[in-house]
Each structure stands twice: as C-alpha cells, then as structure tokens.
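Please open the structure in your viewer and keep the selection panel at hand, since this tour moves from one residue to the next before it turns to the whole chain.

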Amino acid sequence: DRRATVKLSQRETTLTIVTIAVVLFGLSYFPAKSKINTWKELLKRQAEVRDQIGRDKDLVGQKARWQKEFDELSRMLPQHPTGRNVDVYWLSVMDKIAAKHSLQIFKRKAGEEKKMGDVYELSIDCQEWEGNYDAITHFLFDLQSEGGMFDIRQLVVKPQDKGPLKGRFVLECAYTREGGVAGGGQVRK
C-alpha cells in the first residue's frame, strides 16, 4: 500500500494560507459592504435621534414656562357664548380701529370660524382698503397692541403716484368660547 504524501515547503504553505485568506475576504467583503453602509446609516440616525430626544427633554423641562405663557395669553382672548356668530363683533372692532386712524375699508368679508384646540379663529378678508402711510402703520400697531387677538396673515400695499396707498389684507381674529380655555376675557361691548 503506497500512499502519496505531499510535502509542502514553508513558502508554499504560507502562500496557500494567504491565498485562502484573500479568497475568504473577497467572498465576504461584498455582502458585508452593504451591511457596513447600513450600520453607518444606523449610527448616524441614532445620533440624530439622540439629539432630538435632548431637544425634546429641554422642551418638556420648560413646560411650566410655556403653560404660564399660554395661560396669560388665553386670559387676554375675549370669550364669546357658544353658538353665537361673532363676525359682526370682529368686523365692528376692526372698523373702529380703522376709523380711529382714518383708514378706509371698502370691501371686507368674514370667513368661516375655525377651531384650533381651545382657541377659535375667524378670518376677515379685507379686499380693498385705502389710506396714507401713517394710517396703515397706526392701524397695524393698534391691532398688535390688542394682545393675542389679531394677526395679519397677508398684507398687500399698492403705492400710488399721488394719493393714498391702496391694498388688501387678511386679518385673523382669535377668541375662546364659553366652557373653552379657562380664564378667557369677557367680550367687550
């Protein structure tokens, strides 16, 4: 019984081991490459989520401050009876402020009431107004001075060569309803 024995030199053994290692690495590299990219993306996403959690914790830590500010602002909002139309009230408040500053409003239309949490909003689309620079400036200032009730969402001013300014704006009026935000202000007459 003759058996063949193969003796490899040390150099051949080393080359065989290196060749097997290179082949195994080559076979595992391509499938692992996509896993490595996925892993890098997961690490990046993990860092983003960790940052977001930190920002959220900061906001939660400020809850008392934001609640206090919300309570103060909600007390400034007028309160209207549930089910009562408020468009005439808001149109008259806007007209009163406009008249005080000689701002003429020609075309205006109240929109639909929108509920946003405990607060309600009513849009007034003033399609045509006319007045000088001081009139519109003081009108806008007085609206801002009323507290959290008014917000100009859109303002278009068309200058004329000689004569008053003309334009349009959309005014949002905020208020509460009875039984809504606690401590809402009473409707002014």
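Begin by selecting Val93, which counts as buried because its relative accessible area is 15%, where buried means under 20% relative accessible area, exposed over 50% and partly exposed in between, with a 1.4 Å probe and protein chains only. This is a predicted model, in which local features need pLDDT of at least 70 and side-chain atom pairs count only at pLDDT 80 or more, while totals for chains, interfaces and linings use all residues. Residues are numbered from 1 along each chain as its sequence is written, and side-chain values use heavy atoms, with hydrogens and water left out.

Val93 belongs to helix H3; helices (H or I, at least four residues) and strands (E, at least two) are DSSP runs, numbered from the N terminus. Add Leu143 to the selection and draw a C-alpha to C-alpha distance: the two residues are 50 positions apart in sequence and 9.7 Å apart in space.

Next, move to Ser102, in the loop that lies between helix H3 (87–100) and strand S2 (104–116). Ser102 is not a glycine, yet its phi is positive, at about 60 degrees. With a relative accessibility of 57%, Ser102 counts as exposed.

From the loop, go on to Asp125 in strand S3, which spans residues 119–131. How accessible is Asp125, buried or exposed? Asp125 is buried, because its relative accessible area is 18%. Show the side chains of Asp125 and Arg168, which are joined by a polar contact of 2.9 Å; a polar contact is a pair of N or O atoms within 3.5 Å, of which, within protein, one must be able to donate a hydrogen and the other to accept it, and residues adjacent in sequence count only if both atoms are side-chain atoms. If neighbours within four places in sequence are set aside, Asp125 is in contact with Lys107, Arg108, Lys109, Arg168, Phe169 and Val170, contact meaning heavy atoms within 4.5 Å.

Now select Leu155, placed in strand S4 (residues 150–158). Leu155 is partly exposed, its relative accessible area being 37%. Which residues does Leu155 touch, not counting those up to four places away in sequence? They are Trp129, Leu140, Arg168 and Phe169. For a distance across the model, pair Leu155 with Gly26, 129 residues away in sequence, and the C-alpha atoms turn out to be 66 Å apart.

The last residue to select is Thr14, in helix H1 (residues 10–61). Thr14 counts as partly exposed, with 44% relative accessibility. Between Thr14 and Lys35, which are 21 residues apart in sequence, the C-alpha to C-alpha distance is 31 Å.

Finally, zoom out to the whole protein chain, which has four helices and six strands, arranged from the N terminus on as α-α-β-α-β-β-α-β-β-β. Its C-alpha atoms fill a box of roughly 120 × 50 × 25 Å along the principal axes. The radius of gyration is 36 Å, whereas a compact globule of 189 residues would have one near 16 Å; the value is taken over C-alpha atoms, and the globule rule is 2.2 Å times the number of residues to the power 0.38. Of the 189 residues, 25% count as buried. Among contacts in the protein chain with a separation of 6 or more, 67% come from residues 24 or more positions apart.
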